[in-house]
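I opened this notebook page to record what I looked up about the sheets, the helices laid against them and the empty spaces between them. The entries follow in the order in which I checked them.

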Amino acid sequence: MLAAVTPGRLLLVPTPLDFGTGVAPPLSQVLPAGTLQAASRITHWVCENARSARAFLKRVHAEHPLAAPLQALQITELPREVHKKGDHEAGGFDARPLLAPVLQGHDVGLLSEAGMPAVADPGSSVVRAAHALGVTVVPLVGPAALLLALAASGLNGQHFAFVGYLPQDAAARARRLRELEAWAVKTGQTQQFIETPYRNPALWQALLATLQPGTRIAVASGLTLPEATCLTHTCTEWRQRASPVDARMPAVFGIGR
């Protein structure tokens, strides 16, 4: 009689926050040794983008040799509709087939392009599939931009919400900002959101033009990089200062009272 195969695990592997910035400091500066060692042992991956996943794994190899040559690793991308619509809106996407290696005894790593997978990034469908299959899910330690920005903001860290991206249309974006501001003032709940870097300047101008004078605006840019900034001022104060964002560097925004 053949012995039953012991299932592997799904490991959520955080990546540096420097994706797309042109800066690539040693991984040991932003990821603990335990996370790097765990990543170096994984031979099966599910990722947001295979090219950026390979670039990350090359950097892992510089710290801890990979268990197999990079070209021998099994790297599977999430479908494009998951990126465009989100894990929970992509037509009921079933990620269980992506976890077939787990049922064969292999650990599978889940990657996003920056930060913690499945948090403000694709991947929750894979985690949900793991739970459906009874697979152990292990989140590894590493940078999470939302929490770093919240901690550095001085806004309410006991009651907060992440609302994703705001509308691109200027009128719709202004309406959404007024809704978020009203809720933050009423409840004290910090409202966090992000934007594609090249639209950061437009979002910043919308914040200054839309919000009330006393509303506090926090912005954390370039987190974990040498040029990182984490600043919070009222809307009135910000109107007298230079913009803290540009069209190149990722940023996390927050508003509150």
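I start with a working definition: two strands count as paired if DSSP finds at least two bridges between them. With that settled, I note that W45 stands opposite I75 in β3. The model is a predicted one, and I read every entry below with that in mind.

Entry on the parallel sheet. I traced an open sheet of five strands in the order β3-β2-β4-β1-β5, and its pairing is parallel. Its edges are β3 (74–77) and β5 (136–139), each of which pairs on one side only. From one strand to the next I find an average twist of 25°. Strand β2, residues 44–47, is joined to β3 by four bridges, and the two run parallel.

I then asked which residues of β2 are buried on each of its faces. I find H44 and V46 buried on one side and W45 and C47 buried on the other, and both faces of β2 are therefore covered. I add the general point that side chains in a regular strand alternate between the two faces of the sheet. Looking for a helix packed here, I found α2 lying across β2, β3 and β4 (108–111), and it runs at about 140° to β3.

Entry on helix α5. I looked up which residues of α5 (124–133) are buried, and the list reads S124, S125, V126, V127, A129 and A130. I took buried to mean under 20% relative accessible area. The elements covering these buried residues of α5 include β1 (9–12), β2, β4 and β5. Just after α5 comes G134, for which I note a positive phi, near 75°.

Entry on the mixed sheet. I traced another open sheet of five strands, ordered β6-β7-β10-β8-β9, and here the pairing is mixed. Its edge strands are β6 and β9 (229–234), each pairing on one side only, and the twist averages 20° from one strand to the next. Strands β8 and β10 run antiparallel and are joined by six bridges, and I see V219 standing opposite F253 in β10. Helix α8, residues 200–210, lies across β7 (190–194), β8 and β10, and it runs at about 10° to β10.

Entry on the largest pocket. How much space lies in the largest pocket? I record about 1,300 Å³. Its lining has 45 residues, and those closest to its centre are E48, A120, D121, Y165 and I194. I checked which elements supply at least two residues each, and among them are α3 (80–85), α6 (145–153) and β6 (160–165), together with β8 (216–221) and β10 (251–256). The most comes from α3, which gives five residues. Sorted by class, this lining holds 23 nonpolar, eleven polar and eleven charged residues.

Entry on the second largest pocket. I record a volume of about 250 Å³ for this one. It is lined by 20 residues, and D18, F19, S52, R59 and E113 lie nearest its centre. Helix α2, residues 50–63, gives the most to this lining, with five residues; I had already noted α2 lying across β2, β3 and β4. By class I find nine nonpolar, seven polar and four charged residues in the lining.

Entry on the enclosed space. How many cavities of 30 Å³ or more does a search of the whole structure find? The search finds one, and the largest cavity has a volume of about 80 Å³. Of the 16 residues that line this cavity, A149, S153, A218, V219 and A220 are the closest to its centre. I note that V219 is also the residue that stands opposite F253 in β10. The elements giving two or more residues to the cavity lining are α6, β7, β8, β9 and β10, and α6 gives the most, with four residues. By class I find eleven nonpolar and five polar residues in this lining, and no charged ones.

Methods. Residues are numbered from 1 along each chain as its sequence is written. This is a predicted model: local features need pLDDT of at least 70, side-chain atom pairs count only at pLDDT 80 or more; totals for chains, interfaces and linings use all residues. Side-chain values use heavy atoms; hydrogens and water are left out. On a 1 Å grid over the protein atoms alone, a cavity is a set of points where a 1.4 Å probe fits but cannot get out, and a pocket is an open set with protein on both sides within 12 Å along at least five of seven lines; lining residues have an atom within 4 Å of a point. Grid points are joined across faces, edges and corners, and a volume is the space filled by probe spheres set on the points. Ala, Val, Leu, Ile, Met, Phe, Trp, Tyr, Cys and Pro count as nonpolar, Asp, Glu, Lys and Arg as charged, and the others, Gly among them, as polar. Axes are lines fitted to C-alpha atoms, for helices over the stretch in contact, and angles run from 0 to 180 degrees between N-to-C directions. Contact means heavy atoms within 4.5 Å. Buried means under 20% relative accessible area, exposed over 50%, partly exposed in between (1.4 Å probe, protein chains only).
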